[in-house]
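Open the model in your viewer and keep the sequence panel visible. The tour goes from the whole chain to its cores, and then to single residues.

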Amino acid sequence: MDVKQKMKQILEAESKAILNIPVTDDYERAVELIVEQVYNKGGKLVTSGMGKCGQIADNIATTFSSTGIPAIFLHPSEAQHGDLGVLQPGDVMLLLSNSGRTSEIVSLLDLAHELYEQLKFIVITGNKDSELAHQADICLWTGGAPEVCPLGLTPTTSTTMMTVMGDVLVVNTMIATGFSRQEYAKRHHGGYLGRKAKEEK
């Protein structure tokens, strides 16, 4: 099989996986929670994940921050060495784990609950029957499509789905808060997007 044929297969597989992400009321609940705790009450969104999931979680945090929702990425290992102190009682946590069993994330959940028992958690996972899924206040399930990696191991399809699910949360939160071009420009001064945001429509 040549590269172009394989490329078509990968595009088809990942497109199908995205289209099969379960559309549930939990997305509305997640957006409402973020808006209430962060936008209305002045908390922040704290995202976390390990490995590739951590990179996606970091990206979600920076996207939220640029669109009016203060957010920060908390590395689950560094959290055990003092960074857990970034958490405040009114925050919301968004945790990413495809297996739903990532030991560092399970530990982070326990430590955060010990610090502030009332903290709310949203989990994005490929395993709706996992420990994290059951402990979460809101569980967003990817649908569990297999990875396109020929070994079935490398995070590929799963991270694509998580990125899209993060976009769904960000866009719907922007709509819920009425986030404007003017507000975007206040947070994004540099580069092409900064210039674009300042243009009159």
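What share of the 201 residues in the protein chain is buried? Buried residues make up 42% of them. Keep in mind throughout that this is a predicted model.

**Whole chain**

Show the protein chain as a cartoon and colour it by secondary structure. Nine helices and five strands should appear. Followed from the N terminus, the elements come in the order α-α-β-α-β-α-β-α-β-α-β-α-α-α. The radius of gyration is 18 Å, close to the 17 Å that the globule rule gives for 201 residues, so the chain is as compact as a globular protein of that length. Along the principal axes, the C-alpha atoms fill a box of roughly 50 × 50 × 35 Å.

Among contacts in the protein chain with a separation of 6 or more, 68% are between residues 24 or more positions apart.

Now switch on the surface. The protein chain exposes about 10,800 Å², and carbon and sulfur atoms supply 53% of that area. Colour the charged side chains next: 18 are positive and 24 are negative. The centres of these two sets lie 10 Å apart.

**The cores**

Hide the surface and select Leu45, Phe64, Leu94, Leu96, Ile122, Leu140 and Leu169. These are the residues with the most contacts inside the largest nonpolar core, which has 30 residues. Which elements each supply at least two residues of this core? They are helix 2 (26–40), helix 3, strand 3 (92–97), strand 4 (120–125), strand 5 (138–141) and helix 7. Helix 2 gives the most, with seven residues. Nonpolar side chains tend to be buried together in soluble globular proteins.

Centre the view on Leu94. Not counting residues up to four places away in sequence, Leu94 touches Leu45, Val46, Thr47, Ser48, Ile60, Ile122, Ile124 and Leu169. Apart from the largest core lies another one, of 17 residues, and its members include Ala79, Met93, Leu95 and Ala136.

**Helix 3: Ala57 and Asp58**

Select Ala57, which sits in helix 3 (residues 52–66). Is Ala57 buried or exposed? Its relative accessible area is 0%, so Ala57 is buried. Beyond its neighbours within four places in sequence, Ala57 is in contact with Thr47, Ser48, Gly49, Phe73 and Leu96. Draw a distance from Ala57 to Ala79: their C-alpha atoms are separated by 15 Å, with the two positions 22 residues apart along the chain.

Move on to Asp58, also placed in helix 3. With a relative accessible area of 34%, Asp58 is partly exposed. Setting aside residues up to four places away in sequence, Asp58 touches Thr47 and Phe73. Ala133 is 75 residues from Asp58 in sequence and 20 Å from it in space, C-alpha to C-alpha.

**The loop after strand 3: Gly100**

Select Gly100, in the loop between strand 3 and helix 5 (103–115). Gly100 counts as buried because its relative accessibility is 0%. What does Gly100 touch, not counting residues up to four places away in sequence? Its partners are Thr125, Ser130, Glu131 and Leu132. Add Asn127 to the selection: Gly100 and Asn127 are 27 residues apart in sequence, and 5.6 Å apart in space from C-alpha to C-alpha.

**Helix 7: Ser158**

Go to Ser158, in helix 7 (residues 157–177). Why does Ser158 count as buried? Its relative accessibility is 3%, and buried means under 20%. Leaving out neighbours within four places in sequence, Ser158 is in contact with Asn98 and Glu147.

**Helix 8: Glu183**

The last stop is Glu183, in helix 8 (residues 181–187). Glu183 counts as partly exposed, at 27% relative accessibility. Draw a distance from Glu183 back to Leu169: the two are 14 residues apart along the chain, and their C-alpha atoms are separated by 18 Å. Leu169 is one of the residues with the most contacts inside the largest nonpolar core.

Terms used
Residues numbered from 1 in each chain as written. Predicted model: local features only at pLDDT ≥ 70, side-chain atom pairs only at ≥ 80, totals over all residues. Heavy atoms only, no water. Helix = DSSP H or I, 4+ residues; strand = E, 2+ residues; numbered from the N terminus. Buried < 20%, exposed > 50% of the residue type's maximum accessible area, 1.4 Å probe, protein only. Contact = heavy atoms within 4.5 Å. Rg over C-alpha atoms; globule rule 2.2 N^0.38 Å. Areas by Shrake-Rupley, 256 points an atom, 1.4 Å probe, with all protein chains shown as cover. Lys, Arg positive; Asp, Glu negative; His and termini not counted. Charge placed at Lys NZ, Arg CZ, Asp CG, Glu CD. Core = buried A, V, L, I, M, F, W, Y, C linked by side-chain atoms within 4.5 Å.
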